[in-house]
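Thanks for making the time this morning. I would like to walk you through one structure, beginning with its sheet and then turning to the ligand.

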Amino acid sequence: MAGVWVYAEVTSDGGVDTAALEILTKARTLGGELAAVALGPGASAAAGRLGEHGAATVYASDDEVFADYVAQPAAHALHHLVEKHAPELILFATNYDSRDIAGRLSAKTGSPLMSNATDLLGLDRARTAVAGGATLVDVALEGSPRLVLVRPKSFKAEPSGGAAELVPVDVDVPGELRLAKRVERHEAAASGPRLEDAGVVLAGGRGLGEAGNFKLLDELASLIPNAAVGATRAVVDAGWVPYAYQIGQTGKAVKPDVYIAAGISGATQHIVGMKGAKRVVAINKDDDAPIFQMADFGVVGDALKVLEQLIDEVRSRTGGAP
Ligand SMILES: Cc1cc2nc3c(=O)[nH]c(=O)nc-3n(C[C@H](O)[C@H](O)[C@H](O)COP(=O)(O)OP(=O)(O)OC[C@H]3O[C@@H](n4cnc5c(N)ncnc54)[C@H](O)[C@@H]3O)c2cc1C
């Protein structure tokens, strides 16, 4: 049946990538029959959450092959489903695996793939931001099916209370598509909330001076409920913190209630990843820094000194408990 599909990355315990739920929520407003495709261990168990977020149908396979081998089996299975059901539009979150799968599907179907969409305007139109977010461009989608990669945090995930019909996917994946095998999995050690889900983001830039000074942000995060530490690309490139901390055009998009930018200049490529924050607090020693143009509250001063004072203040008010 023609309609809109959302490709959802799932975890073996039936968890669903938040970005897929965000896209489903938006896709509910586009009209047309809404379905989700989930491939790999945990896919069938994920059908409940996908249904709650608007999928009327979930095409699912729990086959290990989709977790063991990178992208090729999933693109093959999706292509098989596309030939059978002919959806109009398939939406993917801009995640590592989904990007790879969407690109391979585009090669198989011959449909153009639009990347980095920040809004969906209809079944044949999507919006993206270029020039570091300074210009919005509306793109007419073509092809059958139309393929779009959507930037995480472009929408808020909200359940609609529905239930999905589970349709098992039974596709034979040939040996020549079992080439890129995952040999190891590494879960980054994390104690607090995920950066993308945190209510308070404490972000550091080159103005913190050196890697060791990020411990001030870690300490502050440990005192504030639901807080996580992020960074600019400049400090990630310098190796001060892992890539997973990066916020911006080529990093993560965040939408916290409060964003504290410490020693960050406010380059457009950074702003595009955090401009959805409800409140922005900027600490910078240069009162001309562009970050102040979008800050609700600004402190002109040495970020290290201000952070130390902030830690003392929060500690004295909370007794050190988050
Ligand atoms: C294609 C492309 C993609 C990019 N993607 C991203 C991205 O995803 N995310 C991203 O962040 N960047 C990205 N960038 C890089 C971006 O253009 C900026 O270079 C980067 O964001 C700057 O990081 P920064 O603010 O830490 O450093 P800087 O621009 O060097 O700013 C440091 C700031 O710290 C202040 N400062 C210095 N000392 C102190 C002190 N003691 N106390 C307080 N303030 C102090 C300075 O006044 C300055 O404002 C991208 C660039 C390109 C070309």
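What you see includes an open sheet of 9 strands with mixed pairing, in the order E7-E6-E5-E8-E4-E1-E2-E3-E9, where strands (E, at least two residues) and helices (H or I, at least four) are DSSP runs numbered from the N terminus, and two strands pair if DSSP finds at least two bridges between them. Its edge strands, each pairing on one side only, are E7 (135-140) and E9 (165-168). Please keep in mind that this is a predicted model, in which local features need pLDDT of at least 70, side-chain atom pairs count only at pLDDT 80 or more, and totals for chains, interfaces and linings use all residues. Residues are numbered from 1 along each chain as its sequence is written.

Within the sheet, strand E1 (residues 4-8) runs parallel to strand E4 (residues 89-93), and 3 bridges join them; Val 4, for instance, has Leu 89 in E4 as its bridge partner.

Let me move to the ligand. It is surrounded by 28 residues, a residue being near a molecule if its C-beta atom, placed from the backbone, lies within 6 Å of it, and the closest are Gly 205, Gly 207, Arg 233, Gly 248 and Ser 265. Two or more residues each come from helix H7 (233-237), helix H8 (268-271), strand E13 (279-284) and helix H9 (303-318), with H7 giving the largest share, 3 residues.

Finally, Gly 301 lies in the loop between strand E14 (297-300) and H9. Gly 301 is 14 residues from Asp 287 in sequence, and 8.5 Å from it in space, C-alpha to C-alpha.
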